Amino acid sequence: MRLSPGGNQVTMQTDAKPKEGEEDARLGETTEKGDSEPASDAGNATTQDSSSISNGDDNAEDGGEMVDLKIIWNKIKYDLRIPLGSTGAKLKEKIHSLTGLPPAMQKVMYKGLVPEDKTLREMKMMSGAKVMVVGSTINDVLAVSTPKEVMQQEVKAEENKKEPLCRQKQHRKVLDKGKPEDVMPAIKGTKERLPTVPLSGMYNKSGGKVRLTFKLEQDQLWIGTKERTEKVPMGSIKNVVSEPIEEHEDYHMMAFQLGPTEASQYWVYWVPTQFVDAIKDTVLGKWQYF
C-alpha cells in the first residue's frame with residue numbers, strides 16, 4: 001500500500017505467486033489429463049474396429065464354391081444357393097426349409113435318387129441344375145396313411161392263413177416254366193438301391209416277358225410288355241406284396257395292387273431279392289412304415 005499525490009491511499013493488487021509445491025501438483029494434473037485422453041480415443045477406435053468385423057455365415061464353414069440349384073416340387077420351382085461341399089442330407093434340410101416337406105418324406109432326384117452321404121460335388125451338380133423332389137407333407141400323409149396301414153395289416157393276416165403263394169395253382173403255371181434265362185442276377189442276403197436301368201427278364205401273370213421302369217422324376221411306374229407300356233402313377237398303387245419263390249429264395253414273386261381290391265393285383269415273377277425293399281420304399285414311400 002502507498003499514498004497517492006493527493007494523499008489518498010491507493011491499494012495495488014499483485015498476483016500471488018504459487019508456492020513451488022502447488023505448481024508441481026498443477027503440472028501433474030495437466031499431465032494426467034493429457035495422457036488419459038488419448039487412451040480414451042484408443043478405446044473408442046478398438047470398439048469401432050471390432051464392430052466392423054463380420055461374423056460370417058453358414059457358408060463360411062464350407063469355405064468353398066457355391067452352386068445355384070432349381071428345386072422343383074409339386075410343380076413349383078424354388079431357387080436354392082448351397083455350398084458344393086454339402087451332403088445329400090444337408091440338401092434335404094434346405095429343401096425342408098423351402099417347402100416344409102420333412103427330409104424323411106422326400107424323394108430327391110438328380111440323375112437318380114440323391115444319396116444322403118455324398119456331397120453335391122461328388123454328384124457333379126452344377127449351377128442351374130434341376131433337382132426334382134417328390135413327397136407329401138405330414139398332413140397329406142396323415143390323411144391317407146391310416147387306411148393303407150390297416151389294409152397292409154389285413155393283407156398280412158390273410159396271407160398267414162393261406163398256403164404259400166408260390167404253391168397256388170394260379171401262380172404255379174407261371175413258375176413251372178422255370179427261371180427265365182435273361183432274368184437279372186439275384187444276390188441273396190443283400191439290399192440294394194434300384195438300378196439305373198429297367199428291371200427286365202421277368203414274367204407277368206400270363207407268362208409273357210415284363211420289365212419295370214421307375215420314372216422317379218415323374219413319380220410313375222412303367223410296366224412294359226412286348227405289346228404296350230402302362231404308365232402307372234405311384235400314388236395310385238394301393239399296396240405291394242411279395243414272397244420268396246420256394247427253392248429259389250433269391251428271387252421273389254411280387255404284386256402291385258392297382259385298384260381297391262386284390263383282383264386288381266398285377267403279378268410279376270422272378271424279381272431279384274436285393275431290389276425288393278427298394279421297390280416297396282420307392283412305390284409306397286418310406287413313411288408308410290413309420
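This short talk covers a mixed sheet, a helix lying across it, a hairpin and some salt bridges.

First, the ground rules. This is a predicted model, in which local features need pLDDT of at least 70, side-chain atom pairs count only at pLDDT 80 or more, and totals for chains, interfaces and linings use all residues. Residues are numbered from 1 along each chain as its sequence is written, and side-chain values use heavy atoms, with hydrogens and water left out.

Start with the sheet. Four strands, in the order β4-β3-β6-β5, make an open sheet with mixed pairing. Its edge strands are β4 (76-83) and β5 (107-109), and each pairs on one side only. From one strand to the next, the twist averages 30°. Strands here are DSSP runs of E, at least two residues, and helices are runs of H or I, at least four residues, numbered from the N terminus. Two strands pair if DSSP finds at least two bridges between them.

Now the pairings. β3 and β6 run parallel, over 4 bridges. There, I71 has V131 in β6 as its bridge partner. β5 and β6 (residues 130-134) run antiparallel, with 3 bridges. K107 sits opposite V134, and V108 opposite V133.

What lies across these strands? Helix α2, residues 88-99, lies across β3 (66-73), β4, β5 and β6. The helix runs at about 140° to β4. Axes are lines fitted to C-alpha atoms, for helices over the stretch in contact (heavy atoms within 4.5 Å). Angles run from 0 to 180 degrees between N-to-C directions.

On to salt bridges. The structure holds 9. Each is a side-chain nitrogen of Lys or Arg within 4 Å of a carboxyl oxygen of Asp or Glu. One of them joins R81 to D68, with the closest N and O atoms 3.1 Å apart. R81 is in β4 and D68 in β3, so this pair ties together parts 13 residues apart in sequence. R81 is exposed, at 52% relative accessible area. D68 is partly exposed, at 34%. The cut-offs: buried is under 20%, exposed over 50%, partly exposed in between (1.4 Å probe, protein chains only).

K70 and D79 form another, at 2.7 Å between the closest N and O atoms. K70 is partly exposed at 35%, while D79 is exposed at 55%.

Back to helix α2. K90 and E93 meet in a salt bridge, 3.8 Å from N to O. They are 3 residues apart, about one helical turn.

Last, the hairpin. β9 (residues 220-224) and β10 (residues 229-233) pair antiparallel over 5 bridges. Between them are 4 residues. Q220 stands opposite P233.
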